[in-house]
Amino acid sequence: MSRLGLPLAACLLNISEARRKYIVENIAKAALLDKNGQKHPEVTVLNIFSDQDYNRSVITIAASVDKLGSAVLAACLEAFRAIDMEVQEGIHPCLGAVDLIPIYPLSGVGVEE
């Protein structure tokens, strides 16, 4: 368990955008907000890594296990809305606006969960 007593996990959300920083930041912000636009107290963005050549970013979202799914879904929806794959260019092959959604246990939760 974390210090907060919550089981924690992280998602390294891979998106097909790095060159337009405002889009990457808006996708990260979407993970932080609930349906009412209020900040989730159990969700944080730990890191954003962007590679200009690949035109790809990895947004590390950490949250309680109960909130991670909705936070990642909100970020994915924003990515689908904001990234036009018809004009996206980069040296990394892309499957879509969101390429990969790996989730890793951090504290108080196993891989099975």
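The chat below goes through a predicted model, taking a helix, the nonpolar core, the largest pocket and a few single residues in turn.

User: Let's start with α1; what span should its 12 residues have, and how far apart are its end C-alpha atoms?
Analyst: Helix α1 covers residues 21–32, and at 1.5 Å a residue it should span 16 Å; the C-alpha atoms at its ends are 17 Å apart, which agrees with that expectation.

User: Which residues of α1 are buried?
Analyst: The buried residues of α1 are Ile23, Val24, Ile27, Ala28, Ala30, Ala31 and Leu32.

User: And what covers them?
Analyst: The cover over the buried residues of α1 includes three strands, β1 (8–15), β2 (43–51) and β3 (56–64), together with helix α2 (65–82).

User: Now the largest nonpolar core: which residues touch the most other members?
Analyst: That core has 24 residues, and those in touch with the most other members are Leu13, Ile15, Ile27 and Ile61. The elements that give two or more residues to this core are β1, α1, β3 and α2, and α2 gives the most, with seven residues. As a general point, nonpolar side chains in soluble globular proteins tend to be buried together.

User: What does isoleucine 61 touch, leaving out residues up to four places away in sequence?
Analyst: With those set aside, isoleucine 61 touches Ala9, Ala10, Cys11, Leu13, Ala31, Val43, Thr44, Val45, Leu68, Ala71, Val72 and Ala75. Among these, Ala31 is also one of the buried residues of α1, and Leu13 is another of the core residues that touch the most other members.

User: Switching to pockets, how much space lies in the largest one?
Analyst: The largest pocket holds about 170 Å³ of space. It is lined by 13 residues, of which Ala9, Val65, Leu68, Ile103 and Glu113 are the closest to its centre.

User: Which elements supply at least two residues of that lining, and which gives the most?
Analyst: Both α2 and β5 supply at least two residues each, and α2 gives the most to the lining, with five residues.

User: How does the lining divide into nonpolar, polar and charged?
Analyst: The lining residues of the largest pocket divide into 10 nonpolar, two polar and one charged.

User: While we're on β5, where is proline 105, and what is it in contact with?
Analyst: Proline 105 is in strand β5, which runs over residues 103–107, and beyond its neighbours within four places in sequence it is in contact with Leu8, Ala9, Gly110 and Val111. Proline 105 counts as partly exposed, because its relative accessibility is 33%. The C-alpha atoms of proline 105 and glycine 5 are separated by 14 Å, with the two positions 100 residues apart along the chain.

User: What about the glycines in the segment after β5, 108 and 110?
Analyst: Glycine 108 is partly exposed, with a relative accessible area of 39%, and glycine 110 is also partly exposed, at 22%. Glycine 108 and alanine 9 are 99 residues apart in sequence, yet their C-alpha atoms are 8.8 Å apart in space. Glycine 110 and methionine 85, by contrast, are 25 residues apart along the chain, and their C-alpha atoms are separated by 35 Å.

User: Last topic, glutamate 89: buried or exposed?
Analyst: Glutamate 89 is exposed, since its relative accessible area is 56%, and it is placed in the loop between α2 and β4 (98–100). Setting aside neighbours within four places in sequence, glutamate 89 is in contact with Arg19 and Asn55.

User: What is notable about the phi of asparagine 55?
Analyst: Asparagine 55 has a positive phi of about 55°, although it is not a glycine. For context, most residues other than glycine have a negative phi.

User: And where is asparagine 55, and is it buried or exposed?
Analyst: Asparagine 55 is in the loop between β2 and β3, and it counts as buried because its relative accessible area is 5%, which is under the 20% cut-off for that class.

Technical notes
Residues numbered from 1 in each chain as written. Predicted model: local features only at pLDDT ≥ 70, side-chain atom pairs only at ≥ 80, totals over all residues. Heavy atoms only, no water. Helix = DSSP H or I, 4+ residues; strand = E, 2+ residues; numbered from the N terminus. Expected span 1.5 Å × (residues − 1). Buried < 20%, exposed > 50% of the residue type's maximum accessible area, 1.4 Å probe, protein only. Contact = heavy atoms within 4.5 Å. Core = buried A, V, L, I, M, F, W, Y, C linked by side-chain atoms within 4.5 Å. 1 Å grid on protein atoms, 1.4 Å probe; cavity = no way out; pocket = protein on both sides within 12 Å on 5 of 7 lines; lining within 4 Å. Points joined across faces, edges and corners; volume = space filled by probe spheres on them. Nonpolar A, V, L, I, M, F, W, Y, C, P; charged D, E, K, R; others polar.
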